[in-house]
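Trainee: Got a minute to go through a model with me? I'd like to ask a few quick things.

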Amino acid sequence: MLAFNFFGATEGGLFDINATLPLMAIQVVALTYILNSLFFKPVGNVVEKREKFVSNNIIEAKNKLSEVKKLEADLLTQLQSARTEAQKIVSEAENESDKLYKEALELANNEANASKEKARLEIESQTSAARDQLSKQADDISELIVNRLILEK
Amino acid sequence: MFFNSLLTNFAALEVGQHLYWQIGNIRLHGQVFLTSWILLGALLVFISLGTKKMENDPKGLQNLLEFLWDYIRDLARTQIGEKVYRDWMPFIGTLFLFVFVSNWGGALIPWRLIKLPSGELGAPTADINTTIALALLVSLSYFYAGLSNKGWRYFEYYVHPTPIMLPFKILEDFTKPLSLSFRLFGNILADELVVGVLVFLVPLILPIPVMFLGLFTSAIQALIFATLAAYYIGEAVEEHH
């Protein structure tokens with residue numbers, strides 16, 4: 001029956017401990033070595049190689065990304081400086097042309113003024129010359145008139 | 001009348017009957033070795049097939065084996081710690097695989113169809129000799145792990161927070177293998193018995209949920225055994241400050 005040989009039997013029973021125990025222990029130890037060389041080592045090598053490969057690639061990609069970001073920032077600052085440079089050049093050129101325009105204007109004004117002054121002086125001298133001549137002719141005529149009047153007398 | 005026949009049927013479960021092998025002076029439980037050889041042979045064939053052509057892009061069986069390897073590594077690493085888990089991973093993994101294959105093999109293969117002169121084939125872990133062997137190996141390993149890693153300082157562990165702990169820690173060295181072996185043995189034997197009794201009483205449909213429960217228990221027991229073994233080793237190599 002069910003509980004017939006449960007405990008304490010010399011032959012059989014659930015708790016019948018004999019040489020099965022040490023032999024099973026030896027078998028498990030042997031299995032450990034077999035599985036280590038058949039399973040744990042080769043699979044571990046492959047998995048760890050792949051993990052290294054993946055992590056290396058990630059590190060490399062991260063490095064490249066940071067490099068790209070650095071280059072981008074570099075280019076941005078270069079662009080900024082080029083822009084300010086261009087602005088400076090444009091404003092300089094504007095100033096220059098303004099200055100040149102002013103100078104030319106002043107020069108032209110001066111020249112115009114000078115020629116106006118000259119013309120005025122000439123007109124004045126001609127007027128005075130004409131006036132002198134006129135007064136001289138008037139003197140001549142008055143003398144002539146005087147002479148004639150005297151001679152008729 | 002009915003009751004009598006029921007009892008005879010129970011008796012047909014043959015609890016505690018063994019197929020004895022006599023080699024010289026020593027006696028062995030033959031059925032344990034037979035099933036363990038069949039199951040371990042299947043495991044080794046499976047593993048050699050899976051590792052025959054290892055590629056960087058895992059396919060098929062290799063995938064499964066890598067998953068298994070990863071699972072065992074995580075188990076060993078979390079319990080033992082980053083420093084020495086590599087040394088113990090094959091042992092922990094072998095315990096896990098051996099217990100798992102034995103439990104599932106015992107539950108899944110209809111061993112009852114093979115008639116033996118005495119006893120019957122079943123899970124090797126349903127024999128107390130197997131589980132005690134495994135538990136003693138675990139005890140030896142954690143002692144070895146502690147002594148080889150820390151030398152005589154390993155025994156600081158016994159008086160660790162206070163010397164009051166000394167008797168309890170010494171007692172633990174005995175209760176650890178005892179609980180390990182009897183937990184596994186009891187669970188697997190009980191599962192086999194429950195399924196056996198139910199199959200005798202109601203041969204159709206009803207045993208199936210119990211069989212699934214048995215598969216679940218078997219997997220859990222393998223995990224528990226391996227985790228506890230790793231935990232004991234981890235405890236032995238842990239540095240106290």
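Mentor: Happy to. Let's begin with one side chain position: Lys176(B) touches Ser139(B) and Tyr232(B), leaving aside residues up to four places away in sequence. Touching, or contact, has two residues' C-beta atoms, placed from the backbone, within 7 Å.

Trainee: Before more of that, how was this model made and filtered?

Mentor: This is a predicted model, where local features need pLDDT of at least 70, side-chain atom pairs count only at pLDDT 80 or more, and totals for chains, interfaces and linings use all residues. Residues are numbered from 1 along each chain as its sequence is written, while chains are lettered from A and ligands numbered from 1 in the order in which they are written.

Trainee: Back to Lys176(B), then. Which helix does Lys176(B) lie in?

Mentor: Helix H6 of chain B. Helices (H or I, at least four residues) and strands (E, at least two) are DSSP runs, numbered from the N terminus.

Trainee: And how far is Lys176(B) from Val138(B) in space?

Mentor: The C-alpha to C-alpha distance is 9.1 Å, with their positions 38 residues apart in sequence. Lys176(B) counts as partly exposed because it has 19 C-beta neighbours inside 10 Å. The cut-offs: buried is 20 or more other C-beta atoms within 10 Å of a residue's own, exposed is 12 or fewer, and partly exposed is in between, with C-beta atoms placed from the backbone.

Trainee: What about Ile205(B), buried or exposed?

Mentor: Exposed, because 7 other C-beta atoms lie within 10 Å. Ile205(B) is in the loop between helix H6 (166–201) and helix H7 (207–237) of chain B. Its phi is near 60°, a positive value in a residue other than glycine.

Trainee: How many helices and strands are there in chain B?

Mentor: 7 helices and 2 strands. Along the sequence the pattern is α-β-β-α-α-α-α-α-α. Of the 241 residues in chain B, 36% are buried.

Trainee: Where does UniProt place the transmembrane regions of chain B?

Mentor: Its record gives residues 30–50, 91–111, 128–148, 193–213 and 214–234. UniProt positions follow the numbering used here, feature names are shortened, and annotations may be inferred rather than shown by experiment. In the model, residues 30–50 of chain B are 100% helix, with end C-alpha atoms 30 Å apart. Residues 128–148 of chain B are also 100% helix, and their end C-alpha atoms lie 30 Å apart.

Trainee: Switching chains: what is the secondary structure of chain A?

Mentor: 1 helix and 0 strands. That helix, H1 (residues 20–152), has 133 residues and reaches 190 Å from first C-alpha to last, close to the 198 Å expected at 1.5 Å a residue. The expected span is 1.5 Å times one less than the number of residues.

Trainee: Where does H1(A) bend?

Mentor: At Asn36(A), by about 50°. The bend is the angle between axes fitted to the seven residues ending there and the seven starting there.

Trainee: Why does H1(A) lie largely in the open?

Mentor: Because the number buried is 11 of its 133 residues. Among the buried ones are Leu31(A), Leu35(A) and Phe39(A). Their cover includes strand E2 (26–29) and helices H2 (30–50), H3 (61–80), H4 (85–108) and H5 (128–150) of chain B.

Trainee: How many residues of chain A are in contact with chain B?

Mentor: 34 residues of chain A, meeting 40 residues of chain B. The chain A side divides into 23 nonpolar, 9 polar and 2 charged. Here Ala, Val, Leu, Ile, Met, Phe, Trp, Tyr, Cys and Pro count as nonpolar, Asp, Glu, Lys and Arg as charged, and the others, Gly among them, as polar.
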